[in-house]
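The following exercises are to be worked through with the sequence and the three-dimensional structure at hand. Each task is followed by a stepwise solution.

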Amino acid sequence: MSTLNALITLVVFPGGLAILLTGMIYEWVDRKLVARLQNRMGPRWYQPLADTVKLLAKEEVLPNGVHAQMFYALPVIALAGALTATLYVPVFGLRPAYSFNGDLIVTVYLLSVLTLCMGLAGANTLNRYALIGATRTLTQLFSYEAPFLLALLGPALVAGSWQIGEIADYAERHWLILTQPVGFLVAIIGLMGKLELPPFDAPEAETEIVAGALTEYSGRGLALFRLGKGVELVIGLTLVAAFYLGGVANPLLFFAKTLLLLAGMAAMQTLLTRLRIDQTVGLWWRYGALLVLAQYLAVIVWQGVMA
Amino acid sequence: MEFNKTWQDMLEQLKTWARVNSPWAIHFNSGSCNGCDIEILATLTPRYDMERFGLKLQGSPRHADVLICTGPVTRQARDRLIRIYEQMPDPKFVIAVGSCALSGGAFQGCYNILGGIDQVLPVDVYVPGCPPRPEAIIDGVVKLLEQLKAGYQPAARRSGVLRPVPVPVTDAG
Ligand code: SF4
C-alpha cells in the first residue's frame, strides 16, 4: 500500500503530472497577463499545452560536434531535479509529501540543477551563441543564487528551523512580509532572475544571442527544459507565498496568493527593460545581497533584544 | 488490433491539434527591400498580435516550425536560406511573403537574383502584395493552419527533399 502511495506521490500528485499541468497553467497566466498589459489579446488558455505537445512530437536534431549522451540526458536531469524539488514544498498549500530537517537547502539546490543543466547544455554544443548563453546563464546563477538563498533563510532564522513545513507553520502565525519586506522583495526578484524573465533575460536575449544556451535544442529536449522552467515557477511562487504571505492555507486562498505574486512579476516584466549581464551581477551583489544581510542583522539584533 | 488503430489515430489527431495551435516562426530576409519585413514586424506588434494564434517569433531556427521568407533570393543569400531551412526540425513549413518572394517581383531579371523563394525551397503558402498588409500575412498563416487541420503535409514532404536548384549561368556584365 505504501508503495502505491509513494508511486502516486511521485507520478500523479503532487510530484508528476499535476505539477506539470500547474506549471503550464501558471505559464499561461503569466503570458496572458503580460499580453494584456501590452494591450494585446494574448495566447489562448491551452497554449502552453499545445506548445509542449508540438515540441514533443517534433524531430529532435542532434547537432554536429556535441556529446550525444549528454545532449539527450541533460534535459531529463533538469526536469527530474525540478520534479524532485516539488516533493519537499507545500504545493497548492498542502503538506509537503516528504520532509526532513534541512530540506530547504536541498530544495533550493535541486532548483539550481535546472540552471546548471542549461549551462552545461549550452557549453556542450559548438554553437557560439549557445556558448555565450551558457556563460551568461552560469554568471547569472552565481549572482542571484546567494541573495535568493539568503532571502529564503530569513524566515528560517526567525522560525528557528530549516524544515520547510515548520517554517510554513511559523509563517502562518506571522505575516513575514510585514517584518521582513526586504527579504520578500529580494526573493521575488531572485525568482525572476532564476527563471530568466525580463529584466534578467540576458542569458536568452533573442535580439543578441539567438536563444542563449538552448539554441541548439529542438523538439523533446526543448520541451523538457520548458516544462522544467514551468515547474520551477510553481515551486518558486509556492516557496515565496508560503514563507512571506502567511504560510500554507486552504488551497484556493493559496492559489490566489501565488497568482497575486505572479501578477506582480508580470507587471515587472512589462515595465522593465533587459539588464546587461554585468548590470545584473552588480545589482545582486551590490544591493540585493547587502540589503538581505542588513536585514539579517536587524532580525538577529531584534531577537537578541527580545530574548 | 482495433484498439491499437484508434490509439494511433488519437495520437495523430493530438499531434495535428498541437501543430495547428502552436506555429512558431522564424523570419528570414533573403534580399527583400525591407518593406515586407516591416510589415511582418507590424504583424507581431500588439495591434495585430499573432500570439492569439499561438504564433511566436523565435530566434533560433531549431525552435521554429514556420519559416517566413521575404524578398527574392539573391545569389549570396541562397546558401544561407537553405542552411536555415535545413536547421529547422521536421515538420517544417515555408511562407513566402511579398511579390518578390513569389516571383522576384520588382527585382526580376536582375543579374544577382535567382527568382522567388520557390526556386530554392518548397513553399507552402504564398502571400502576394508589395508589401502585403499585416491582415494579408495573418490570412496566409491562418490558411496554412486550416490546411494543416485538413491533413495537409508540408510541401517538403510531398516533393521529396530539397529540390536541387541549378544556378542559372548568366553573364554578370
Ligand atoms: S514585395 Fe515589395 S515591399 Fe516586399 S521586398 Fe519586394 S519590393 Fe520590397
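**Exercise 1. Describe the shell around the ligand by residue class, membership and supporting helices.**

Step 1. By class, the shell holds five nonpolar, five polar and no charged residues; here Ala, Val, Leu, Ile, Met, Phe, Trp, Tyr, Cys and Pro count as nonpolar, Asp, Glu, Lys and Arg as charged, and the others, Gly among them, as polar.

Step 2. The members are B:Ser32, B:Cys33, B:Gly35, B:Cys36, B:Gly98, B:Ser99, B:Cys100, B:Gly129, B:Cys130 and B:Pro131, where a residue is near a molecule if one of its heavy atoms lies within 4 Å of it.

Step 3. At least two shell residues come from each of α2 (35-44) and α4 (99-103) of chain B. Helices (H or I, at least four residues) and strands (E, at least two) are DSSP runs, numbered from the N terminus.

Step 4. This is a predicted model, in which local features need pLDDT of at least 70, side-chain atom pairs count only at pLDDT 80 or more, and totals for chains, interfaces and linings use all residues. Residues are numbered from 1 along each chain as its sequence is written, chains are lettered from A and ligands numbered from 1 in the order in which they are written, and side-chain values use heavy atoms, with hydrogens and water left out.

**Exercise 2. Identify the peptide bond between B:Cys130 and B:Pro131, and locate B:Pro131.**

Step 1. The bond joining B:Cys130 and B:Pro131 is cis, with omega at about -10 degrees.

Step 2. B:Pro131 belongs to the loop between β7 and α5 (134-149) of chain B.

Step 3. For context, most peptide bonds are trans.

**Exercise 3. Characterise the interface of chain B and chain A.**

Step 1. Chain B contributes 25 residues to the contact and chain A 31 residues, contact meaning heavy atoms within 4.5 Å.

Step 2. About 2400 Å² is buried between the two chains, 55% of it from carbon and sulfur atoms; buried area is the accessible area (1.4 Å probe) that two parts lose on being put together, summed over both.

Step 3. B:Glu51, B:Arg62 and B:His63 supply 25% of the area that chain B buries against chain A, more than any other three residues.

Step 4. Six salt bridges cross this interface, a salt bridge being a side-chain nitrogen of Lys or Arg within 4 Å of a carboxyl oxygen of Asp or Glu. B:Arg62 pairs in this way with A:Glu216, the closest N and O atoms lying 2.6 Å apart.

Step 5. Helix α1 (residues 2-21) gives the most to the side of chain B that touches chain A, namely six residues. That side comprises nine nonpolar, seven polar and nine charged residues.

**Exercise 4. Work out the strand order of the open sheet in chain B.**

Step 1. The five strands run in the order β2-β1-β3-β5-β7, with parallel pairing; two strands pair if DSSP finds at least two bridges between them.

Step 2. The edges are β2 (56-57) and β7 (125-127), each of which pairs on one side only.

Step 3. Within the sheet, five bridges join β1 (residues 24-29) to the parallel β3 (residues 66-70). B:Phe28 has B:Cys69 of β3 as its bridge partner.
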